Amino acid sequence: MTSLFPRNFKKSFPTAIRGEGCWITSSDNEKYLDASGQAAVVSIGHGIRSVADAMATQASQIAFAHTTQFHSASAEKLAARLLALAPPNFTGGRVYFTSGGSEATETAIKLARQFHLESGSPQKFRVVSRRQSYHGSTLGAMSVSGNIARRAPYQPLLPEWGHIAPCFCYHCPFDKIFPSCKVACADDLESFLSTNDASTVGAFIFEPVVGATLGAAAPPDGYVQRIAEICRERGILLIADEIMTGMGRTGKPFAVQHWGLEPDLILVGKGVASGYAPLGAVLISSKVTQAFARGSGTFQHGFTYQAHPVSTAAGNAVLDVLEKQNLFARAASAAKTLREFLAPLATHPNVAEIRGLGLLLGIEFVKNKSTREPFPKEENIAEKIRQAALQKNVLTYPTQGCVDGLRGDHILLAPPFTITPEESQLIAEALHFALQQVFSPIA
Ligand SMILES: Cc1ncc(COP(=O)(O)O)c(C=O)c1O
C-alpha cells in the first residue's frame, strides 16, 4: 500500500533505502546497478558522506533565509564556482538558483523576455525551440518542449511560439546525410524566422545533446555554430538547456564547450547537486546581466526556495568531489570504457545505433536495420528492454518516440562518473541478456 500519488498506478515501486557508489539497495535487500544515474542525475555516485555532512552543517547553521532579505554564503560560493567553469562570456555574469530543471527553464523564458524589455525591444517575446525536445514539465517549459507524448494532454494550455526541425542524423528530418546535408537542420531556424515574423522572437532554446526524447543524439560539427550565428544576426538570445548534459556528464563542464559555443544563458539541474538536493540554476552571461543592472534593476520573478542554503551547500560539496577526484575527465575516460564493452551489441540486428557524448549514451532499437524502420509503438520495446535488464538488477532509462514522437525505442545510459570497468561490463552483460530475452522470441 502507498499513500504516494505514483508515476504510474499500474506499476509497483521498490523502496530505496541505501545508495553507495553506482548501487542502490531496496528494502527487500535487492542491489541495483544504477546504469542510468536514475534520470541522468547522479554524477559523483550515491552515499558520499562529505555531501551529507556539508548539508547537515549548513542546516544546523542556517537552513533558510528568504532571498528578498538575505543572501547565503553557500549560494554565493557556488554561483562564483559555476561562473568560473562556464564559457568566457559568463565572466561578470550572475547565477539564478532554482529548485530544479523546469524552474530553471521557466526562469530563462522570463529572463529572455525581460532582457528585451530592458533593452528597448518590447516586441520580442517568443521562445523558439525544436521538435523532439524536452525542457521541463511546467507549462512554460512544456510550451517550448517538442516532446509530443509529454505535451499531448496539455496541448490546450500551451502557447505555440514555434518549433523547428530537430538535429537527428540517424532519422534525419530532411532525409539527408552529413556532411553533404550542410547541416540543413540548422538552416531550418533561418527558414522559420524568414517566414514567421522574426522580429517577435526573443530566444532560441536547445539541448546540446538531446537526452530523453532522442536518446543522446549529439549534433554534427557545424550545427551549434550555425545556430549561434543565426541567433546573433537576429538579436535572439541563445539558451543552452544543459540540465542533462551540464556539470560534466559529456566530459566537459558544459557540453557547449565541445564546440566553443558561448550561449547567453545556460540551464543546469540534475548533476549540479548529483541528486543530493533539489537544485537547478540559470547561468546568466555578462551581456544579459548588464541589461538588468543598467535597466530596471529588478527581475519580476522569484521562488520562495530559490538559492536554498542547504541545496547550494550540497552543490558545493558535489563540486568539491568532482574537482578533487578529477571527475570531469573521468566521465570521458569511463565513457570510452563503457562504449568498448557495449560495442559488440551494435552488431545485433535490432540495435540501430549506440550514440551519445561522454557518459550520456543512448541505444536505439529498430525492427529493420537497413530501412531504419522502428517497431510499432504497441510492442513497447524500450520498456521490455528495461524490464529484461532489471532481471539482472541493472537500471536503465527507457523512452519511446524518437522517430516521430510516437514510434522509436531507445534506452538512456548515464551512470555515475565513478563507474568502474567491472560495472561497465555488468551493464553490457545485462543488455546482452535483455536483447536475447526481448528479440529472440520476435525473430
Ligand atoms: C534537458 C532537460 N531539461 C529540463 C528538464 C526538467 O528538469 P526537472 O525534471 O528537474 O524539472 C529535464 C529533465 O529530465 C531535461 O532532461
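## A ligand, a cavity and some unusual backbone spots

Start with the ligand: one of its oxygen atoms sits 2.9 Å from a polar backbone atom of Gly101. The protein covers 82% of the 390 Å² of accessible area that the ligand has on its own. Keep in mind as you look around that this is a predicted model.

Gly101 has company. The other residues around the ligand are Gly100, Ser102, Tyr134, His135, Gly136, Glu207, Asp241, Ile243, Met244 and Lys270. Sorted by class, this shell comes out as 3 nonpolar, 5 polar and 3 charged residues. Here are the polar contacts of the ligand side by side.

| Ligand atom | Protein partner | Distance |
|---|---|---|
| oxygen | Gly101, polar backbone atom | 2.9 Å |
| nitrogen | Tyr134, polar backbone atom | 3.4 Å |
| nitrogen | Asp241, N or O atom in the side chain | 2.7 Å |

Lys270 is worth a second look. Besides being one of the residues around the ligand, Lys270 has a positive phi of about 35 degrees, and it isn't a glycine. For context, most residues other than glycine have a negative phi. You'll find Lys270 in the loop between strand E9 (265–268) and strand E10 (280–284). Is Lys270 buried, partly exposed or exposed? Its relative accessibility is 24%, so Lys270 counts as partly exposed; the buried label would need a value under 20%.

Arg372 pulls a similar trick, with a positive phi near 60 degrees in a residue other than glycine. Look for Arg372 in the loop between strand E12 (360–365) and helix H12 (381–391). Arg372 also counts as partly exposed, because its relative accessibility is 38%.

There's one more backbone oddity to visit. Most peptide bonds are trans. The one from Phe178 to Pro179, however, is cis, with omega near 5 degrees. Pro179 belongs to the loop between strand E6 (163–164) and helix H7 (184–195).

Now for the empty spaces. How many cavities of 30 Å³ or more turn up in a search of the whole structure? The search finds 3, and the largest has a volume of about 100 Å³. This largest cavity is lined by 15 residues, and the closest to its centre are Cys169, Cys172, Lys176, Cys181 and Cys185. By class, the lining has 14 nonpolar residues, no polar ones and 1 charged residue.

Notes
Residues are numbered from 1 along each chain as its sequence is written. This is a predicted model: local features need pLDDT of at least 70, side-chain atom pairs count only at pLDDT 80 or more; totals for chains, interfaces and linings use all residues. Side-chain values use heavy atoms; hydrogens and water are left out. A residue is near a molecule or strand if one of its heavy atoms lies within 4 Å of it. A polar contact is a pair of N or O atoms within 3.5 Å; within protein, one must be able to donate a hydrogen and the other to accept it, and residues adjacent in sequence count only if both atoms are side-chain atoms. Accessible areas come from the Shrake-Rupley method with a 1.4 Å probe; for residues, only the protein chains shown count as cover. Ala, Val, Leu, Ile, Met, Phe, Trp, Tyr, Cys and Pro count as nonpolar, Asp, Glu, Lys and Arg as charged, and the others, Gly among them, as polar. On a 1 Å grid over the protein atoms alone, a cavity is a set of points where a 1.4 Å probe fits but cannot get out, and a pocket is an open set with protein on both sides within 12 Å along at least five of seven lines; lining residues have an atom within 4 Å of a point. Grid points are joined across faces, edges and corners, and a volume is the space filled by probe spheres set on the points. Helices (H or I, at least four residues) and strands (E, at least two) are DSSP runs, numbered from the N terminus. Buried means under 20% relative accessible area, exposed over 50%, partly exposed in between (1.4 Å probe, protein chains only).
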